[in-house]
Amino acid sequence: MPRINVDKASVNSMYSEDIIAVLQNMINDELTKDDEKVNTDFVDECVNALLEIEQDRDKTFAAIVPLFSKSDYLDIIGKKRSYFSRLNKTARAALVAAAVAATTITVNAAVEGITGVNLLREAGSRIQQTLDSWSGKNDEGIEQDVDNEGFGSEESTTAPVSESTTEETETTEPTSENTTENTSVTESTTNNNPTRSTTNNEQPTQSTTEKEPSSADEETTKQTTTETTTKRPRPYNTTTEAEPVIDDGEPSKPEKVTLKSLEASFDNFKFDYIYGESLSYDGLTLSAVYSNGTKKPVSLSDCDYTQSLNMNTTADYTLRVIYETCVVKIPITVRPDEETRGSEKCSNDDFDYLLTDKGAYITKYKGSSKHLDLTDIDGNSAYAIAADVFKDSDIITVYAPSVKKIFRNAFKNSKALSTADFENAEYIGESAFEGCEALESPSMSENATQLGKSAYKNSGIRSITVPSTLESVPASLCEGCSRLESVNLSNATAVENSAFEDCTALESITGLGAVKKIGSFAFYGDELAQIDEAPSALESVGDSALAYCKKMEIKALPSTVKEIGEYSFMYVTKLEKAEIPNGITKIPAGAFWGAHIKTLTLPDGLKAIEQAAFMSTVIKEVTIPESVERIESRGLYTLSKLKVTFEGSPDYIDESAFYSYRYLTFLARRDTTPIAYAEEHDIEYEIIE
């Protein structure tokens, strides 16, 4: 956006309160018009100007944002002479220059570069004369010059000279008093051959020689003849010497080179993003363009620019790169996934949606119906439902045979939803149906490729078959589903944390035999659950993974197990044999607490039996390997008739590691920790050699 910067010296000579008052009055007056006549673009730019002045009120410069167009601006302010008569010349010149900049050239320059002077020269003397007539000055039509010290000096009568946006130099001069108000006389130099032409805003261009001169015009013609033979000065940075313009005996000063605009080019620049991607300026090249036609590369690090955005919500953004007072605006989009990258935003009375090659991607529901048929939207098949669209809604039924994707929280806590027909849905996002208490069926494609975490958590579903395409059951998938009765794990080899935790009605689990990993709390509290086959391939069991699964007939701990979590088999009462595999160095706290283990084998290399590890089991005999260093509180606290053989001498045996009663017997070597423990706790023991 073009701007004019005025430094502190100029700020001190103008009245920002007056400028604010003018802009506010102009806005108010414009808005009093009939709706169809209001120039909204003009109002917007006036508001921008107020905001710029307000933001820069305490700084050493003030920025005046250009208004909509020269003609609109002059048409309005021309009727408000009382406003502008209160401004000094500096303020008026800055405002007019800003208006001109909006339709002529892009300008950014400091006051010491006499930017305002150049703009007024570019605009032409008719604007200056009009402005002077509003303020009641220069009634005789004498043009005012703008010198290097400020705008509108009254001591000089030299016609303004400005730099052109091309390599040519153009000068705008006042016409004679007989010239019409809409006519401007310009002199231009092309190939060093001066010519003169007259341009009228309403009439075709015509040469001044075609008109019979009046007596008043004869003087103008003489002046023209003299002026067209005068060579104009070149910009100060050219190599060719030029004769200066002589006016009142004083040479014209060389023009300062000023910054005009900031150009941007884009080579493989990324305009379209999807959720989670990082904003990047790779491929952006910037160049500063100056009034003498030269360009200079600009580094992004030398600019102020947008550095972060919310990349997890559907939006259209405008990036801003600011160099000094020049701004480059770059539009980008953020969309949910690859299929919607760069998609078109659409809307009707009921939905906002993104139109993709595969159909409508619903992003917002605005309707009131509780029974939805999403067969198509505006003739486009409904392809996907974006995040949160129906969250906390009172929707009762949904028929959506063409929907393939349902994103996170799409129907979360829609407690009245009883029927959701998504028979072809291949993607179910995180918490998509969480809290849908009335929903009895998960309704998805048997070939679904994605199930999100907590997708059916605390819902009313009664059964679920994990799609055969999935190898892992997501965390908390059906956690807290109190009406869930059956689960088919299909080809899954992993059941993640809390997937079926507290499914108190769950009775049947199919497919556990092939599972290698059961995450923490995966089946915690499922006391009624029975399995079709024991998990013979099991390698990892997380904390409390099978705790309180009292009817699971695991029978024997699989020899494939490599990791055992705390309380993992707590009260698995159908587990009768535990041969702990080699490689396990500790039995975690409560791991087999309450399991009905009758036979226990501990491996060489075991170092610790932690608290309550085998508490309340029915073990009758166990050998403690020489490698064991510690037995924690209630580690082998059992009421059964127990014989314990120590192959070594543990460094530490907790005071309550064993239930000391008359059926407990230790077998150990002389002068070892177990013998000392037995003597101290009045436990029967035998010395072995």
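Start at the hairpin of β14 and β15: two residues lie between the strands, and glutamate 324 there takes a positive phi near 55°. The model on screen is a predicted one.

**The strands around β15**

Select residues 315-323, which are strand β14; nine bridges join this strand to β15, and the two run antiparallel. For one pair in this ladder, pick alanine 315, which stands opposite valine 334 in β15.

Next select residues 272-274, strand β10. Three bridges join β10 to β15, and here the strands run parallel. Aspartate 272 has threonine 333 of β15 as its bridge partner.

Now show β15 itself, residues 326-335. How many of its 10 residues are buried? Eight are, so the strand is largely enclosed by the rest of the structure.

**Colour by confidence**

Switch the colouring to pLDDT. The chain has a mean of 76, and 66% of its residues reach 70 or more. Select residues 1-15: pLDDT is below 50 over this stretch, which has 56 contacts in the model beyond near neighbours in sequence. Then select residues 57-70, where pLDDT is also below 50 and the corresponding number of contacts is 58.

**The nonpolar cores**

Select Phe433, Phe500 and Phe592. These are the residues with the most contacts inside the largest nonpolar core, which has 112 residues. Elements giving two or more residues to this core include the strands β17 (351-356), β18 (359-365) and β21 (380-385). Further along the chain, β37 (575-579), β41 (621-624), β43 (643-646) and β45 (665-668) are also among them, as is the helix α10 (673-680).

Centre on phenylalanine 500 and show its surroundings. Which residues is it in contact with, leaving aside neighbours within four places in sequence? They are Ile464, Val473, Cys478, Leu484, Val487, Leu489, Val495, Ala522, Phe523 and Asp526.

A second, separate core has 23 residues; to find it, select Tyr273, Tyr281, Tyr317 and Ile330, which are included in it. Tyr273 falls within the range of β10 (272-274), and Tyr317 within that of β14 (315-323). Ile330 belongs to the range of β15 (326-335).

**Salt bridges**

Show charged side chains. Side chains of opposite charge can pair when their charged atoms come close. The whole structure has 20 salt bridges; three stops follow.

Go to glutamate 485 and arginine 462, whose closest N and O atoms are 3.9 Å apart in a salt bridge. The pair links distant parts of the chain, 23 residues apart: glutamate 485 sits in the loop between β28 (472-473) and β29 (486-488), and arginine 462 in the loop between β26 (450-451) and β27 (463-465). Are these two residues buried or partly exposed? Glutamate 485 has a relative accessible area of 41%, so it counts as partly exposed. Arginine 462 is partly exposed as well, at 33%.

Move to lysine 586 and glutamate 610, whose side chains meet in a salt bridge at 3.6 Å, N to O. This pair also links distant parts of the chain, 24 residues apart, with lysine 586 in strand β38 (residues 586-587) and glutamate 610 in the loop between β40 (608-609) and β41. Lysine 586 counts as partly exposed because its relative accessibility is 41%.

Finish at lysine 270 and glutamate 277, where the N to O distance of the salt bridge is 2.9 Å. Lysine 270 is partly exposed, at 31% relative accessibility. Add Glu338 and Arg341 to the selection: salt bridges that share partners join Lys270, Glu277, Glu338 and Arg341 into one network.

Terms used
Residues numbered from 1 in each chain as written. Predicted model: local features only at pLDDT ≥ 70, side-chain atom pairs only at ≥ 80, totals over all residues. Heavy atoms only, no water. Buried < 20%, exposed > 50% of the residue type's maximum accessible area, 1.4 Å probe, protein only. Helix = DSSP H or I, 4+ residues; strand = E, 2+ residues; numbered from the N terminus. Pairing = 2+ DSSP bridges. pLDDT = per-residue confidence, 0-100. Contact = heavy atoms within 4.5 Å. Core = buried A, V, L, I, M, F, W, Y, C linked by side-chain atoms within 4.5 Å. Salt bridge = Lys/Arg side-chain N within 4 Å of Asp/Glu carboxyl O.
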